[in-house]
Amino acid sequence: MLVENSVPLQPLNTFGIQARAQQLVRVSSVSDVQRLCRGWPEACQHWPLVLGGGSNLVLTGDVKTLVVKVDIVGRRLLTDTASHWVVEAGAGEHWHNFVDWTLEQGWPGLENLAMIPGTVGASPVQNIGAYGVELQDRFHSLDAVDLHTGDVFTLNAAQCGFGYRDSVFRHGAADSRHLGLAGRALITHVRFALPKRWSPETSYLELARKVQELGSAPSPRQVFDWVCAIRRAKLPDPAVLGNAGSFFKNPTVSAEQCTDIIARDPKVVHYPMPDGTVKLAAGWLIDACGWKGKTVGNAGVYDKQALVLINKGGAANPATGGEVMTLAKAIQTSVYERFGLWLEIEPVVV
Ligand code: EPU
């Protein structure tokens, strides 16, 4: 366990925003986390900021609460049942490298989630998803430490309360809709159930086109390569251009609301859901309001995907959290004025 004071957070968030942590503790094992609970009981009671890859985070100032950087590594095959490989990884493992490694071992299932920035421990928090697969589709269980008591506990998928970019880890205990664990649970290990009877998930239009071009069933590695290529074409690499992935959630509306929105613009991209609601493409709504390429200070809207806000100033002259949030609010207001919808921010704002 390593304790540091006044730590620059710029290298620890993919937006590249400058801020400092008053105190940062690096934990690399379950016993480190338990030592932290015993040694800093006060700080652990007061909603510490748990950092994985810092890829879903907007810092609006220095962080006064304790910051815990999770460096727990390790990956292994836990069990091999008739139907699944159950694979476990430490929360601090790099997500994309983990996905790549599972494929190398011959355990498919995570290929559609290739290249998502961040760590394994962060993946259940927002139930990461891309190209037709969500983490919950491959999730087995996880271990976490209760920061109030130091106790280790295990949760299955139902107990994690997964939703679209949502889980119990995104809600506080006071949130009436959920048994919230935000600020309380520190995820240490995640287990995945990878199907032995694998079939490719290629319903996303660009993947379906690739399958047609190929003319036969793709391998898991083939799907992985396609997903990497699609992401490279559409989404900025945080190592080159700071960002936090999609900045807004795709909103869900009722069929009546959707009819109203179509009346405002018949070209609106929308996907009917099995429960009768309709999901709208937030990127399209923002794009339609003319935001691509617009800036506030050094914060900007990515010109190839309007759902992504970027740091145009690089490491030397980065956007501030204030600029990012001013831009985000201006986008929310303009989408609201044009379509009557308030977009929900996806990353955690601290
Ligand atoms: N669109 C535009 N203009 C834009 C952006 C999008 O017209 O500037 C249109 C596209 O042409 C398309 C539709 O909007 O018809 C949807 O766009 P896309 O397929 O790129 O997906 P998305 O809904 O914008 C979501 C996820 C991404 C994920 C992709 C692929 C959310 C918030 N975002 O984006 O996840 O990679 O689908 O599955 O659900 C992330 O969460 O950080 C993320 C990148």
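This passage describes the domains of a predicted model, the contact between domain 1 and domain 2, the surroundings of the ligand, and the salt bridges. Local features are reported only at a pLDDT of at least 70 and side-chain atom pairs only at pLDDT 80 or more, whereas totals for chains, interfaces and linings use all residues. Residues are numbered from 1 along each chain as its sequence is written, and side-chain values use heavy atoms, with hydrogens and water left out.

The chain is divided into domain 1 (2–70), domain 2 (75–195) and domain 3 (243–349), with bounds that come from an automatic or database domain assignment. The centres of domain 1 and domain 2, taken over C-alpha atoms, are separated by 20 Å. Where these two domains meet, 15 residues of domain 1 are in contact with 20 residues of domain 2, contact meaning heavy atoms within 4.5 Å. Together they bury about 1,400 Å², 69% of it on carbon and sulfur atoms; buried area is the accessible area (1.4 Å probe) that two parts lose on being put together, summed over both. Of the area that domain 1 buries against domain 2, 30% is supplied by V30, W47 and V70, more than by any other three residues.

Between domain 1 and domain 2 there are zero salt bridges (a side-chain nitrogen of Lys or Arg within 4 Å of a carboxyl oxygen of Asp or Glu). Two residue pairs are in polar contact between these domains, both at pLDDT 80 or more; a polar contact is a pair of N or O atoms within 3.5 Å, and within protein one must be able to donate a hydrogen and the other to accept it, while residues adjacent in sequence count only if both atoms are side-chain atoms. On the side of domain 1 that touches domain 2, the elements giving two or more residues are α1 (30–39), α2 (41–45) and β5 (67–70), where helices (H or I, at least four residues) and strands (E, at least two) are DSSP runs, numbered from the N terminus.

Around the ligand lie 23 residues, of which Y131, Y164, R165, Y204 and A306 come nearest, a residue being counted if one of its heavy atoms lies within 4 Å. An oxygen atom of the ligand lies 2.7 Å from a backbone N or O atom of Y131. For side-chain N or O atoms, the distance to a ligand oxygen is 2.8 Å at N250 and 3.2 Å at K234.
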